[in-house]
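Visitor: I'd like to learn how to read a model like this one, feature by feature. Can you walk me through it?

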Amino acid sequence: MPDHDALYHRLFSHPGMVAQLLREFVAGPWLDDLELDGMERLNAKFHAETSERRDADMIWRIPRRGGGDTYLVLLLEFQSTPNHWMALRALVYAGLLWQHLEKERRLPPDGRLPPVLPVVLYNGDRRWAAPLTLHELIGLPETSPLWRWQPNMRYYMVDEGGFSEADLAARDALPALLFRLESSPDPARVVTLADAVLAWFARYPGFEGLRSAFAELLGGLMGPLAPDVRVPEELLEVRNMLASRAENWKQQWLQEGRQEGRQEGRQEGEAALLLRLLERRFGALPGWARERIATADTVALEEWGLRVLDAGSLDDVLT
């Protein structure tokens with residue numbers, strides 16, 4: 001697959017792509033107040049007072065219809081698991097942005113800080129379950145007299161894998177096509193999606209600069225199935241190559257799927273047996289133990305199974 005960091009920066013450096021992301025996936029009544037056609041990308045590199053440099057993934061200045069600006073902080077998250085501290089990261093970026101605007105004398109005439117909208121775009125395998133607000137990360141009860149002085153920050157989460165195929169297919173937007181391609185479709189569906197991408201570009205002029213990025217994304221789907229093939233750079237050529245090879249890839253994919261299914265069946269059996277043994281030995285298992293067993297490979301499961309009889313505690317088995 002292509003370098004997601006570089007590819008997503010190319011895609012979301014296009015104001016039309018960002019506007020569609022907001023309209024389709026961050027929609028709210030406040031969106032009507034934003035002049036999305038007038039947005040401007042800002043330099044997202046800041047230096048804290050400690051001279052430590054922090055790079056926000058992408059920042060857009062969006063004019064408001066009633067005057068003034070709103071700043072979109074778009075954080076691109078490519079880790080396979082959610083970032084527990086994302087609310088803190090969003091707060092740091094917002095603070096550095098405000099500090100930068102004050103230092104550059106770019107505050108509005110009334111001298112107040114402009115509003116910030118933090119949006120996290122995540123394409124990891126696990127669904128996002130990290131806290132959405134900074135208050136959830138602070139070790140203090142809301143009834144404490146100190147609570148009123150604790151900072152807060154909330155970010156908007158766009159979890160690509162949280163949308164169903166039917167939902168995405170019903171949205172006539174380029175980000176929806178991106179999310180569908182990112183779901184690693186099987187070879188039987190790749191050509192259909194490639195045709196949908198081509199049809200979308202044909203319907204909506206003004207996005208030609210993004211065709212090469214989608215060609216790279218589609219070409220990346222060939223990598224595991226045709227590692228020695230030179231992938232074309234033009235979107236239509238990539239689509240035609242996909243179509244010419246689709247049937248062979250489908251048969252290869254089905255064969256690999258059968259092999260993986262047999263392996264997964266063995267893993268599931270090992271995991272189920274280990275769970276029963278541990279529950280009989282130690283009683284009800286905590287969530288962390290079940291999660292670890294569910295994600296372990298057969299080698300680890302077999303090793304843990306051998307430890308059950310002699311282990312003095314659950315930790316002795318699973319560490």
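Guide: Sure. Let's begin with burial: a residue is called buried when its relative accessible area is under 20%, exposed when over 50%, and partly exposed in between. Keep in mind that this is a predicted model. Take helix α7, residues 211-220: its buried residues are A213, F214, A215, L217, L218, G219 and G220. That makes seven of its 10 residues, so α7 is largely enclosed by the rest of the structure.

Visitor: What share of the protein's residues counts as buried?

Guide: Of the 319 residues, 42% count as buried. The secondary structure around them comes to 11 helices and seven strands.

Visitor: And how do I read the contacts over the chain? Among those between residues at least 6 apart in sequence, what percentage joins residues at least 24 apart?

Guide: The figure is 64%.

Visitor: Next, helix packing. How is a pair of helices described?

Guide: Two packed helices are described by the angle between their axes and the distance between the axes. Here, look at α2 (residues 15-25) and α5 (residues 174-182): their axes come within 8 Å and cross at roughly 85°. An angle of 65 to 115 degrees counts as roughly perpendicular, and α2 and α5 are therefore roughly perpendicular to each other.

Visitor: Which residues of α2 and α5 meet?

Guide: From α2 you have M17, Q20, L21 and F25, and they meet L174, P175, A176, L178 and F179 in α5. By class, the residues of this contact divide into eight nonpolar, one polar and no charged.

Visitor: Is there a pattern to the spacing on a helix?

Guide: There is a general idea for that. An α-helix has 3.6 residues a turn, so residues three or four places apart point the same way. Try that on the α2 residues that meet α5, M17, Q20, L21 and F25.

Visitor: Is α2 mostly covered or mostly open?

Guide: Mostly covered, with eight of its 11 residues buried. Those are G16, M17, V18, A19, Q20, L21, L22 and F25.

Visitor: Now pockets. How much space lies in the largest one?

Guide: About 380 Å³. Its lining has 20 residues, and the closest to the pocket's centre are N123, G124, D125, E182 and S183. For a docking person, the class split may be of interest: five nonpolar, nine polar and six charged residues.

Visitor: Which helix gives the largest share of that lining?

Guide: That's α5, with three residues. Both α4 (165-169) and α5 supply at least two residues each.

Visitor: What about single residues? Where is P151 found?

Guide: P151 is in the loop between β6 (116-122) and β7 (156-159). With a relative accessible area of 41%, P151 is partly exposed. Leaving out residues up to four places away in sequence, P151 touches L91, L134, H135 and I138. P151 and L88 are 63 residues apart in sequence, yet 9.9 Å apart C-alpha to C-alpha.

Visitor: Can you show me another pair like that?

Guide: Try N240, in helix α8 (residues 235-282). N240 and D195 are 45 residues apart in sequence and 9.6 Å apart in space, C-alpha to C-alpha. At 37% relative accessibility, N240 counts as partly exposed.

Visitor: Last one, backbone angles. What is the phi of R105?

Guide: Positive, about 55°, although R105 is not a glycine. R105 has its place in the loop between α3 (86-103) and β6, and it is exposed, with a relative accessible area of 77%.

Conventions:
Residues numbered from 1 in each chain as written. Predicted model: local features only at pLDDT ≥ 70, side-chain atom pairs only at ≥ 80, totals over all residues. Heavy atoms only, no water. Axes fitted to C-alpha atoms, helices over the stretch in contact; angles between N-to-C directions. Helix = DSSP H or I, 4+ residues; strand = E, 2+ residues; numbered from the N terminus. Parallel < 35°, antiparallel > 145°, perpendicular 65-115°, else oblique. Contact = heavy atoms within 4.5 Å. Nonpolar A, V, L, I, M, F, W, Y, C, P; charged D, E, K, R; others polar. 1 Å grid on protein atoms, 1.4 Å probe; cavity = no way out; pocket = protein on both sides within 12 Å on 5 of 7 lines; lining within 4 Å. Points joined across faces, edges and corners; volume = space filled by probe spheres on them. Buried < 20%, exposed > 50% of the residue type's maximum accessible area, 1.4 Å probe, protein only.
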